[in-house]
Amino acid sequence: MAHKILVVDDAAFMRMMIKDILSKNGFDVVAEAADGAQAVEKYQEHLPDLVTMDITMPEMDGITALKEIKKLNPNAKVIMCSAMGQQAMVIDAIQAGAKDFIVKPFQADRVLEAINKTLS
């Protein structure tokens with residue numbers, strides 16, 4: 001059975017890119033969210049195997065959403081996505097329970113490596 005993934009990013013273009021990489025490699029993107037608040041809702045609704053989460057978003061940022069998801073499920077697998085130069089935020093995310101992080105712009109092989117490593 002394909003792993004279910006929730007893709008969270010405020011940029012529709014980025015969601016589409018990740019979704020494309022995942023779909024072509026046998027993953028099932030069950031939902032998308034444009035901000036952290038939506039991410040928490042969609043997580044509860046779909047209970048995905050993994051979440052890719054942007055850090056900088058309106059409404060609720062990715063680190064706050066990560067903490068909320070971890071409250072719902074301490075075993076949730078979340079990979080953070082950030083642009084270059086956000087190292088401090090990446091450290092915060094790892095301390096909050098993120099399993100890995102991917103730097104934008106995405107390299108398909110790096111995205112797949114992070115996801116496969118986290119799911120194995």
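A residue counts as exposed when its relative accessible area is over 50% and as buried when that area is under 20%, with partly exposed in between. The structure used in these exercises is a predicted model.

**Exercise 1. Decide whether Met16 is buried or exposed, and place it in the structure.**

Step 1. Begin with the location: Met16 belongs to helix α1, which covers residues 12-24.

Step 2. Take the relative accessible area of Met16, which is 54%, and set it beside the cut-off for exposed residues, which is over 50%. Met16 is therefore exposed.

Step 3. To relate Met16 to another part of the chain, take Ile5, which is 11 residues away from Met16 along the chain, and note that the two C-alpha atoms are separated by 13 Å.

**Exercise 2. Find which residues have the most contacts inside the largest nonpolar core, and which elements supply the core.**

Step 1. The largest nonpolar core has 22 residues, and the ones with the most contacts inside it are Val8, Val51, Met53, Leu66, Ile69, Val78 and Met80.

Step 2. Go through the elements in turn: at least two residues of this core are supplied by each of the strands β1 (4-8), β2 (28-33), β3 (50-54) and β4 (78-83), and likewise by each of the helices α2 (36-46), α3 (62-72) and α4 (87-95). The largest share, four residues, comes from α3.

Step 3. Look at one member, Met53, whose contacts beyond its neighbours within four places in sequence are Val8, Ala39, Gly62, Ala65, Leu66, Ile69, Val78, Ile79, Met80 and Cys81.

Step 4. Complete the picture with a second, separate core, which has 18 residues, among them Met14, Leu22, Val29 and Val111.

**Exercise 3. Describe how α2 and α3 pack, and say which residues make the contact.**

Step 1. Two packed helices are described by the angle between their axes and by the distance between those axes. For α2 and α3 the angle is about 20°, and the axes are 9 Å apart.

Step 2. Angles under 35 degrees count as roughly parallel, so α2 is roughly parallel to α3. The crossing in which α2 passes α3 is right-handed.

Step 3. On the side of α2 the contact is made by Gly36, Ala39, Val40, Tyr43 and Gln44, while α3 contributes Ala65, Glu68, Ile69 and Leu72. Sorted by class, the contact has six nonpolar, two polar and one charged residues.

Step 4. Follow Leu72, which is found in helix α3, and which is partly exposed because its relative accessible area is 42%. Apart from neighbours within four places in sequence, Leu72 is in contact with Val40, Tyr43 and Gln44. Ala34, by comparison, is 38 residues from Leu72 in sequence and 20 Å from it in space, C-alpha to C-alpha.

**Exercise 4. Compare the surroundings of Cys81 and Thr52.**

Step 1. Place the two residues: Cys81 is in strand β4, and Thr52 is in strand β3.

Step 2. Check the accessibility of each: Cys81 has a relative accessible area of 0% and is therefore buried, and Thr52, at 0% relative accessibility, counts as buried.

Step 3. List the contacts, leaving aside neighbours within four places in sequence. Cys81 is in contact with Ile18, Thr52, Met53, Asp54, Ile55, Ile102, Lys104 and Phe106, whereas Thr52 touches Ile5, Leu6, Val7, Val8, Ile18, Ile79, Cys81 and Ile115. Ile18 appears in both lists.

Step 4. For a residue at a distance, take Gly26, which is 55 residues from Cys81 in sequence and 21 Å from it in space, C-alpha to C-alpha.

**Exercise 5. Examine the backbone in the loops: where is the peptide bond that is cis, and what are the phi values of Leu47 and Glu59?**

Step 1. The cis peptide bond runs from Lys104 to Pro105, with omega near -5°. Pro105 lies in the loop between β5 (100-104) and α5 (108-119).

Step 2. Turn to Leu47, in the loop between α2 and β3, where phi is near 40°, a positive value in a residue other than glycine. The relative accessible area of Leu47 is 54%, so Leu47 is exposed.

Step 3. Treat Glu59 in the same manner: Glu59 lies in the loop between β3 and α3, and its phi, near 65°, is positive in a residue other than glycine. Because its relative accessibility is 72%, Glu59 counts as exposed.

Definitions and conventions: Residues are numbered from 1 along each chain as its sequence is written. This is a predicted model: local features need pLDDT of at least 70, side-chain atom pairs count only at pLDDT 80 or more; totals for chains, interfaces and linings use all residues. Side-chain values use heavy atoms; hydrogens and water are left out. A nonpolar core is a set of buried Ala, Val, Leu, Ile, Met, Phe, Trp, Tyr and Cys residues joined through side-chain atoms within 4.5 Å. Buried means under 20% relative accessible area, exposed over 50%, partly exposed in between (1.4 Å probe, protein chains only). Contact means heavy atoms within 4.5 Å. Axes are lines fitted to C-alpha atoms, for helices over the stretch in contact, and angles run from 0 to 180 degrees between N-to-C directions. Angles under 35 degrees count as roughly parallel, over 145 as roughly antiparallel, 65 to 115 as roughly perpendicular and the rest as oblique. A crossing is left-handed if the near helix is turned anticlockwise from the far one by less than a right angle, and right-handed if clockwise. Ala, Val, Leu, Ile, Met, Phe, Trp, Tyr, Cys and Pro count as nonpolar, Asp, Glu, Lys and Arg as charged, and the others, Gly among them, as polar.
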